[in-house]
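User: Please take a close look at one buried charge in this model. I would like its surroundings described, with the cut-offs behind each term.

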Amino acid sequence: MTEFTYDAYREFLDSLLDRGYAFGGFDEPVPEETVVLRHDVDWSPERARRMARIEADRGVSSTYFVLVSAPLYNVRADRVRAAIAEIESLGHRVGVHFSTHEYWDADPGPDAVAARVREEQRALGTVVDDVADTVSFHIPPDWVLGVDYDGFTNAYAPAFFEEVAYTADSNQRWRDDPAFDGTPPERVQVLVHPGLWADDDERFGDRLDGERDRRFDAVRTYLDDQYGAVLQ
């Protein structure tokens, strides 16, 4: 059974390096014996920074996708800016994790998607030196899978989702089905969600409960700091 700890993540990366894998980006075609490593930062830029450090210690590069529309963090907030800046300084790419669900219930067409993506890329460009051209979709609807868009690279385009192997830790599904438990693929995209990993192992539901409590505490602290004196 896979543990979702930083030590386990270190072992996972070391196992890939021991097998001779190189780590590349979203370039076409993906070379043989290459891992395209990606992180969707759904709720914890701080944990993303921890993983970025672990990777940098091993000379591993990856792409971190941040939710510009996230209700759980603000990319312009000081602590988040600092985390993103360090991730970029460690040699990783930073791009947009785009939520179609913030805008549409159904496919609006590729032009509308591309226009909204460019808006979020410009917003991210206010805190990132070099925004990645590649975009990952948050909880991707079927209509973005296997699609090549004009104007940006889709992490779910055929070259990275259909023509290579693909594995992800979504909802901690690695726990009972470890990645690469059999014959390793020649080319693979690996998706990791930093919010699922920490110093200690926890089940997915417990991770969510802990994050909920931390966010409530953060909001309470902010309101006390900003407006507490007014109420006294």
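Analyst: D42 is buried (under 20% relative accessible area, 1.4 Å probe, protein chains only) yet has no salt bridge. A salt bridge here is a side-chain nitrogen of Lys or Arg within 4 Å of a carboxyl oxygen of Asp or Glu. The nearest side chain of opposite charge to D42 is R38, 8.1 Å away; Lys and Arg count as positive, Asp and Glu as negative, and His and the chain ends are not counted.

This is a predicted model, in which local features need pLDDT of at least 70, side-chain atom pairs count only at pLDDT 80 or more, and totals for chains, interfaces and linings use all residues. Residues are numbered from 1 along each chain as its sequence is written, and side-chain values use heavy atoms, with hydrogens and water left out.

D42 sits in the loop between β2 and α2 (45-57); helices (H or I, at least four residues) and strands (E, at least two) are DSSP runs, numbered from the N terminus. Its side chain makes polar contacts with the side chains of H97 at 3.0 Å and H138 at 3.4 Å. A polar contact is a pair of N or O atoms within 3.5 Å; within protein, one must be able to donate a hydrogen and the other to accept it, and residues adjacent in sequence count only if both atoms are side-chain atoms.

For contrast, another acidic residue, E28, lies in the loop between β1 (22-24) and β2 (34-41). E28 counts as exposed because its relative accessibility is 55%, the cut-off being over 50%.
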